[in-house]
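Work through the exercises below with the sequence and the 3D view at hand. Try each task before reading its solution.

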Amino acid sequence: MSTNGCKYALVTGASRGIGRATALALSRMGYPIIINYLSNEEAAQECAALIKAQGGDAELLQFDVSKEDAIEQAIAQWEESHPNDWIEVLVNNAGVRKDNLMIFMPADDWNTIINLHLNAFFFITRRLLKNMVSHRYGRIVNVVSLSGIKGLPGQTNYAAAKAGIIAAGKALAQEVGKRGVTVNAVAPGYIKTDMTSDLDETQLKALIPVNRFGTAEEVADVVAFLASPKASYITGEVISINGGLYT
C-alpha cells in the first residue's frame, strides 16, 4: 500500500484465459493488479505468481460479480485496507456460457448468464465509477463477444447479455466522457481459452479468414491499449478481434 496513493487495475475473472492475459498485460504497463476470481483460488494464485515473476504486484479479491452485496463488501474491504489508493482501470471480463436453443433453455440458464454479464457490469462499474469521476480519469473496458454483435444460434442468453453491455457502454461513455473516463469494449471471436475448449476448432477455423483461433494475449493487447493514455480519444467503441470473421 502506497502512502502517496497508488492507481490499481481490477480485472474480473482474472484467474484464467483472457482475464489472466489481460492482468499480465496491464501489469507490464505498471499497474498493480487486483485479481478477481470466484472459486478457483489455485488459478488466481498462479496468475499472481506470473505477475510477480515479471516484476509486478498483484493481490487477490474473491467475490461473485453477479451479486451486488458481495461486490460492495469486497470493494469496501479493499478500500479500507488501501485508504490512499484507488482503482483507475476496470476490465469487466468475468463470465461463462450456458448454450442451448431457446426452445430448450431453462429459465435459470437465461437468468444466470444475464446476471453474470449484464448485471455484473452494472453493479461493479457503478461501484467504481465515483472514484474515477472524482479523479477525472478512468478506463473501463468491457470484454463482450462476437455473439453480442451478430448473435449466434444457441446463445440467445449470452448474445442478449453481451449486446446489453455494448449498448450500456455506449450510453455510459457519453455520461462520463467530460470527466476523462472512457468506456470501450472488445468483442473477441473464437479465442483459444477454456471457454471455447468444447468447440470444434478444425471446423470453425475454416470460417475465419486468418484460418485459426485467436489467442488470449491478442485480446489482452487491445484491452491494454484501450486502458492506456494513448486511447484518450477513443470511447464508446467496440473493437472486434475475430480474425476477419465479420458480421
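**Exercise 1.** Classify Ile-239 as buried, partly exposed or exposed, then describe its surroundings.

*Solution.* Step one: take the relative accessibility of Ile-239, which is 29% in this predicted model. Buried would need under 20%, and exposed over 50%. Ile-239 therefore counts as partly exposed.
Step two: place the residue. Ile-239 sits in strand β7, residues 238-241.
Step three: look for partners beyond four places in sequence. Ile-239 touches Ala-185, Val-186, Ala-187, Val-222 and Leu-226.
Step four: compare sequence and space for one of these partners. Ala-187 is 52 residues from Ile-239 in sequence, and their C-alpha atoms are 5.9 Å apart.

**Exercise 2.** Find the strand that holds Glu-88 and decide whether this residue is buried or exposed.

*Solution.* Step one: Glu-88 belongs to strand β4. That strand covers residues 86-92.
Step two: the relative accessibility of Glu-88 is 5%, so Glu-88 counts as buried.
Step three: check the side chain for a polar partner. The side chains of Glu-88 and Tyr-31 make a polar contact of 2.4 Å.
Step four: list the wider contacts, again leaving out residues up to four places away in sequence. Glu-88 touches Lys-7, Tyr-8, Tyr-31, Met-132, Tyr-137, Gly-138 and Arg-139.

**Exercise 3.** Describe the loop between β4 and α4 through two of its residues, Asn-93 and Ile-103.

*Solution.* Step one: Asn-93 is in this loop. Its relative accessible area is 13%, so Asn-93 is buried.
Step two: name what Asn-93 touches beyond four places in sequence. The contacts are Val-11, Thr-12, Gly-13, Ile-18, Gly-19 and Val-143.
Step three: turn to Ile-103, which lies in the loop between β4 and α4 (107-135). At 72% relative accessibility, Ile-103 is exposed.
Step four: see what Ile-103 belongs to on the surface. Leu-101, Ile-103 and Phe-104 make up a nonpolar patch there. Together they have about 370 Å² of accessible area.

**Exercise 4.** Locate Phe-121 and work out what it touches.

*Solution.* Step one: Phe-121 lies in helix α4.
Step two: with a relative accessibility of 7%, Phe-121 counts as buried.
Step three: set aside residues up to four places away in sequence. Phe-121 then touches Asn-92, Arg-126, Asn-142, Ile-165, Ala-168, Gly-169 and Leu-172.
Step four: relate Phe-121 to Asn-93. The two are 28 residues apart along the chain, and 9.1 Å separates their C-alpha atoms.

**Exercise 5.** How many salt bridges does the structure hold, and what does the pair Arg-127 and Glu-72 tie together?

*Solution.* Step one: the count is 8 salt bridges.
Step two: examine Arg-127 and Glu-72. Their side chains form a salt bridge of 2.7 Å, N to O. Arg-127 is in helix α4 and Glu-72 in helix α3 (residues 68-81), so the pair ties together parts that are 55 residues apart in sequence.
Step three: check accessibility. Arg-127 is partly exposed, at 21%. Glu-72 is partly exposed too, at 37%.
Step four: widen the view. Glu-72, Glu-79 and Arg-127 are linked in a network of salt bridges.
Step five: examine two further pairs. Lys-67 and Asp-64 meet through their side chains in a salt bridge of 3.2 Å, N to O. Lys-67 is partly exposed at 47%, whereas Asp-64 is buried at 16%. Asp-99 forms a salt bridge with Arg-97, with 2.7 Å between the closest N and O atoms. Asp-99 is partly exposed, at 35%.

**Exercise 6.** How many disulfides does a search of the whole structure find?

*Solution.* Step one: recall the bond in question. A disulfide is a covalent bond between the sulfur atoms of two cysteines.
Step two: the search finds 0 disulfides.
Step three: test Cys-6. Its nearest cysteine sulfur, that of Cys-47, is 17 Å away. A disulfide needs the two sulfur atoms within 2.5 Å. Cys-6 is in no disulfide, and neither is Cys-47.
Step four: add the accessibility of Cys-47. Its relative accessible area is 0%, so Cys-47 is buried.

How values were computed: Residues are numbered from 1 along each chain as its sequence is written. This is a predicted model: local features need pLDDT of at least 70, side-chain atom pairs count only at pLDDT 80 or more; totals for chains, interfaces and linings use all residues. Side-chain values use heavy atoms; hydrogens and water are left out. Patches are made of residues with over 30% relative accessible area and no salt bridge: like charges are joined within 9 Å, nonpolar side chains (Val, Leu, Ile, Met, Phe, Trp, Tyr) within 5 Å. Accessible areas come from the Shrake-Rupley method with a 1.4 Å probe; for residues, only the protein chains shown count as cover. A salt bridge is a side-chain nitrogen of Lys or Arg within 4 Å of a carboxyl oxygen of Asp or Glu. Helices (H or I, at least four residues) and strands (E, at least two) are DSSP runs, numbered from the N terminus. Buried means under 20% relative accessible area, exposed over 50%, partly exposed in between (1.4 Å probe, protein chains only). A polar contact is a pair of N or O atoms within 3.5 Å; within protein, one must be able to donate a hydrogen and the other to accept it, and residues adjacent in sequence count only if both atoms are side-chain atoms. Contact means heavy atoms within 4.5 Å.
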